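User: I would like to learn how to read a few features of a protein model, beginning with its covalent cross-links. Please give the general idea before each case.

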Amino acid sequence: MVLLLALVVASLVFIAAVLISPARALQAEGEAKGLPNASAQGMSALIQATSPYSVAEFPVLVIPGVEHSPVISGSWMVWQSGNGGALMARNLDAGNPFTVPLQYPGAGLDLDGDLLVTVEVIDQQKGITGIRLADRTRFTIAEPKGGAEFTRGDPRVSGDYVVWVEGSEANWDIYGHNLETGQSFPVVTHPSRQEHPAISENIVVWADRRHITAQHDGGHYDVYGYDLAAKREFRITTETAAIGQPAISGNTIVWWRFANAAYQIIAYDIATKQQRVLVDLGLNSPVGAVDIDGNLVVWSSKGAGDVDVFGYDLARGQAFVVSRAIGEQSVPRISGQRVVWQDTRHSGIGRYEYDSDVYGARLEAGPAPVPPAIGDPGATDARIEIVWPHGGAPVTEADRANIVSWLFQPGTMDLAACQWNPNVQLWRAVNSEPAERVATGLKVARSGVVSRAIPDWQFNDVDVSAALEPQNRVYFFVTVEGAVSRSNVWAHAADARTNFPQQDIPTGTAPVSDTIAAKIEIVWPHGGASVSEAQKANITAMLFAPGSLASVPPDSNPTVRLLRAQNNGVLEEVAVGERRLAEAGGVSYPVWDFNDVDVSAARDPQNKLYFMVSVDGLQTLPNVWVHGVDARTYFPQMDVPTKPCP
């Protein structure tokens, strides 16, 4: 039996630009243009028409290799360089990067002005070292001690005080040092574990596990604090939860937590003892810790497709975008109105191609436009490359299949940018019914036929059981959130030709809001000619409220566009519909006609034509109409990209 991997390359311009109205265009970063998107709703509130800040982005150091974990204070910044962790520093106001005179850096570093504090490891002995970056002088804060089982890390500095984590693997405590007196002291010692200290002036905060019970896992903590001046410890949270590392500036403490099935950015005011949720991120997990300086909070989390840097102004009560370049922008730190972060926009996508650089941005009071998505191509041809039934089963025996899509630069076979990582959605339409979204792609690097790996968007274990019945047809296409995209269509069926002997009869009319079902009702070759003889055809489409046969009202008059793909090509617009009123069953309703549409390519039995419609300004759920002698997708060889991903 022939393995039918019907690839009807009808690329539903995912109703991207065609389906997005100008009023909704500003939401493009957080949702699909045209088709519904539930996955990015948690971030959509961060993409506003304007930003409270103008963002001037700049590279700190862009070189081959791994530059990571930056910290900043004033004009000074330090980061780790290479897998060996050598420290690099730079004065952003004057000077080039230079290597910090520290031979054996350990876990963690922090800055206050030009004072760097870090861990130095020699023969498994761990000490805390201070270095004045202005003149490269160094001094010991805590003498090296311990062995392989001893931990010292996460040093933090503010004014006269340095704090850090110290202890055995089972019991970490927080210790401190007064730079003015030269005295070290315990901040908190407890049989449980204390981690991730932060300090602002005389207030130390940390993540504490003393209230952990059997129901809590390793990610659950409380936030505690200690006033070094008053020598008083205090609990900040009232309920143990999964949280991230806290940060503090003045009286404000920030961290992220996971509660009520969502990630949230939390702020707590020590003076008022009031806690509030700044931003609800949904399921978009933060990457690294939240940071704060003054009224500005920063963090990194998944945006429209990959990890971006976001901010929140406590005084304005407004979230904003700091950077949303392609690749991941992660673990940001802030000082004043400067933000720095680790950035992979120049990295490859293969297993051994990881590169990260250090970038920064200056924030100036706005209002201003939202920062652009740097490197985001904004448009793509999204092609399904293979539909592989489990076990290589034929169409009439397969329950599940794995599907792979690639993204190309529009109108070419050149791959899209390596680090572009949008949400790619798989849609399935059965017979003449409108499509529904069935999966979100997982980006995976595959060994390529070109010099670098190819990014796969994989959809595994997709239900194709409807095609077990020979009379059923299953059609697949993909859409790309936040970009104008065109897809091919893959037809999975024993006989993929559209068989629609009777047009729908509306049950009534109903208004629609932002989503509409758009169904091609008939493709009528001129003169009733057969597929193998027809040169032109007239096509009619109807619009319904989703999930029903209630037509849009008679006075509805949106722009309806006809899209056509030939064989494994992508969908392209070929006509704009002419509205007319029809009546059936006592119901008056509008239909849209597309007359004299060229279908001559289907006279060759090797060709298939795929039709869909889109509606301007609305998210459109289309059906698929296939016009061909044999409409099944045959795609024995995947595309061969002409260039590696840039």
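User: Is Cys645 buried or exposed, and which residue forms a disulfide with Cys645?

Analyst: A disulfide is a covalent bond between the sulfur atoms of two cysteines. In this predicted model, Cys645 is buried, at a relative accessible area of 1%. Its partner is Cys418, with the two sulfur atoms 2.0 Å apart. Cys418 also counts as buried, because its relative accessibility of 0% falls under the 20% limit.

User: How many disulfides are there, and which parts does the link of Cys418 and Cys645 tie together?

Analyst: The count comes to one disulfide. The angle about the S-S bond is 95°, and the link of Cys418 and Cys645 is right-handed. Cys418 belongs to the loop between β31 (400–408) and β32 (424–430), whereas Cys645 belongs to the segment after β49 (625–628), so the bond joins parts 227 residues apart in sequence.

User: How should the largest pocket be read, and how much space lies in it?

Analyst: Rolling a probe the size of a water molecule over the atoms shows where empty space is left. Here the largest pocket holds about 720 Å³ of space. Its lining consists of 35 residues, and those nearest the centre are Val71, Asp110, Arg156, Asp291 and Arg333. Among the elements that give two or more residues to this lining are β2 (67–73), β10 (150–158) and β27 (329–335).

User: Which element gives the largest share of that lining, and how do the lining residues divide by type?

Analyst: The largest share comes from β6, with six residues. By type, the lining of the largest pocket has 18 nonpolar, 10 polar and seven charged residues.

User: Turning to the rings, how many aromatic pairs does the structure hold?

Analyst: There are nine aromatic pairs. One of them, Tyr161 with Phe185, is edge-to-face, at 6.3 Å centre to centre and 85° between the planes. This pair links distant parts of the chain, with Tyr161 in strand β11 (residues 161–168) and Phe185 in strand β13 (residues 183–188), 24 residues apart. Phe185 is partly exposed, because its relative accessible area is 22%. Trp406 and Phe408 form a tilted pair, 6.3 Å centre to centre with 50° between the planes, and both Trp406 and Phe408 are buried. Trp256, Phe258 and Tyr263 form one aromatic cluster.

User: Over which rings do the charged ends of Arg209 and Arg362 sit?

Analyst: The charged end of Arg209 sits over the ring of Tyr221, 5.3 Å from the ring centre. For Arg362, the ring is that of Phe58, and the charged end is 4.4 Å from its centre.

Notes: Residues numbered from 1 in each chain as written. Predicted model: local features only at pLDDT ≥ 70, side-chain atom pairs only at ≥ 80, totals over all residues. Heavy atoms only, no water. Phe/Tyr/Trp six-rings, centres within 6.5 Å; stacked < 30°, edge-to-face > 60°. Helix = DSSP H or I, 4+ residues; strand = E, 2+ residues; numbered from the N terminus. Buried < 20%, exposed > 50% of the residue type's maximum accessible area, 1.4 Å probe, protein only. Lys NZ or Arg CZ within 6 Å of the ring centre and 35° of its normal. Disulfide = S-S within 2.5 Å. 1 Å grid on protein atoms, 1.4 Å probe; cavity = no way out; pocket = protein on both sides within 12 Å on 5 of 7 lines; lining within 4 Å. Points joined across faces, edges and corners; volume = space filled by probe spheres on them. Nonpolar A, V, L, I, M, F, W, Y, C, P; charged D, E, K, R; others polar.
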